[in-house]
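Please review the following briefing on a ligand site and its surroundings.

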Amino acid sequence: MTSTLPIRLPLDGEAASGSRNTQLPQFEGSAHAKAILFGEHAVVYGAPAIAVPIHELAAEARVDSAADGLRIESELFSGEAAAAPAKLQPIVTAIHAALAYSGAQNAAIRVQILSAIPHSRGLGSSAAVAAAVARAVTNWAGVQLTTAGLYDIVQQAERVAHGNPSGLDARAVTSDGAIRFDFGAVSPVRIGAPLSFVLADSGLAGSTAEAVGAVRVRREQNPQAMDRYMSHLAEIAEGAIEDLARGDRFAIGARMRDAHDMLQAIGVSSATLDGLVLAANEAGALGAKLTGGGLGGCIIALAHSADHAEQLGSALRDAGATRTWTATVPTA
Ligand code: PMV
């Protein structure tokens with residue numbers, strides 16, 4: 001597999017105390033980011049969720065044989081896996097799980113990781129890195145990685161990263177197209193016309209666990225209102241399936257606006273996210289909403305075209321977004 005990232009990994013073999021041998025082949029794996037279009041939070045209470053792949057943002061892993069030990073090289077840390085900091089534990093878990101899957105528990109390898117996906121922004125960074133690692137390690141081992149095996153490895157890493165993940169991220173970052181997710185079951189979503197989105201970063205980290213916990217507490221305190229909001233979020237996602245199949249951008253945008261209002265009502269938006277959603281709508285977005293756990297992270301806005309997505313990105317940066325990315329979901 002060839003590299004999909006514009007940035008090349010550093011060839012710093014010396015740092016690996018002689019473990020790197022540039023003559024040895026490297027084995028690669030990659031995975032993409034994802035954005036939740038509809039159903040975040042409500043999915044925890046049984047509603048369907050719809051996620052789209054963000055192929056423009058990728059995580060990549062490369063594996064080669066080492067003389068001894070298990071070494072990780074990444075932006076955050078380079079050294080023996082056993083000495084990796086807490087932040088890297090999901091990756092260490094993915095490496096061990098992939099080696100175990102390959103029947104190569106005690107293998108001596110070097111794993112290089114490079115990810116363009118920002119973490120703690122609701123874009124599936126941890127799941128994508130784990131999937132890239134799983135693919136690269138099993139490639140190195142010459143073992144066929146099944147869809148179920150990949151999901152299991154990513155979920156092991158996600159449990160270390162997030163505690164009790166629904167599995168939506170693990171499915172979304174490994175699916176080529178848009179997916180519908182219901183209680184662990186995943187099915188493809190038909191896209192009747194290409195969709196151009198812009199993602200805008202609030203610059204604030206969002207903790208999914210914290211947001212899910214806050215919703216749980218609010219639901220205990222006010223079950224009737226919260227269940228009404230959740231049911232409405234479920235209706236929005238159900239209805240969006242047909243809009244997406246028809247490629248009806250106006251209807252999809254309207255549902256995104258409606259979904260953001262509901263996410264606001266359940267308490268997972270913030271002044272910054274609301275400000276970005278407003279800025280997107282004022283710049284002519286068909287619809288905009290927070291995406292993922294909320295309380296920080298990103299918004300997603302639907303544009304009329306790829307050019308319009310660029311214009312929205314510029315308007316969102318003017319409105320305070322720290323970074324923006326444009327993404328196209330093709331007809332499928
Ligand atoms: O913040 P993210 O992108 O990991 O999304 C979390 C989605 C939730 O519905 C809030 C939680 C979940 O486990 O599905």
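The points below cover the ligand shell, its polar contacts and one residue of the shell.

This is a predicted model, in which local features need pLDDT of at least 70 and side-chain atom pairs count only at pLDDT 80 or more, while totals for chains, interfaces and linings use all residues. Residues are numbered from 1 along each chain as its sequence is written, and side-chain values use heavy atoms, with hydrogens and water left out.

**Ligand shell**
- The ligand is surrounded by residues with a heavy atom within 4 Å of it, among them Lys34, Glu40, His41, Asp169, Thr208 and Gly293.
- Domain 1 (27-186) and domain 2 (191-329) each supply at least three residues to this shell; the domain bounds come from an automatic or database domain assignment.

**Polar contacts of the ligand**
- An N or O atom in the Lys34 side chain lies 2.6 Å from a ligand oxygen atom, where a polar contact is a pair of N or O atoms within 3.5 Å; within protein, one must be able to donate a hydrogen and the other to accept it, and residues adjacent in sequence count only if both atoms are side-chain atoms.
- Thr208 places a polar side-chain atom 2.7 Å from an oxygen atom of the ligand.
- Gly293 contributes a backbone N or O atom, 2.9 Å from a ligand oxygen atom.

**Surroundings of Lys34**
- Lys34 counts as buried because its relative accessibility is 2%, buried being under 20% relative accessible area (1.4 Å probe, protein chains only).
- A polar atom of the Lys34 side chain is 3.0 Å from the backbone oxygen of Gly122.

Note on methods: Buried means under 20% relative accessible area, exposed over 50%, partly exposed in between (1.4 Å probe, protein chains only).
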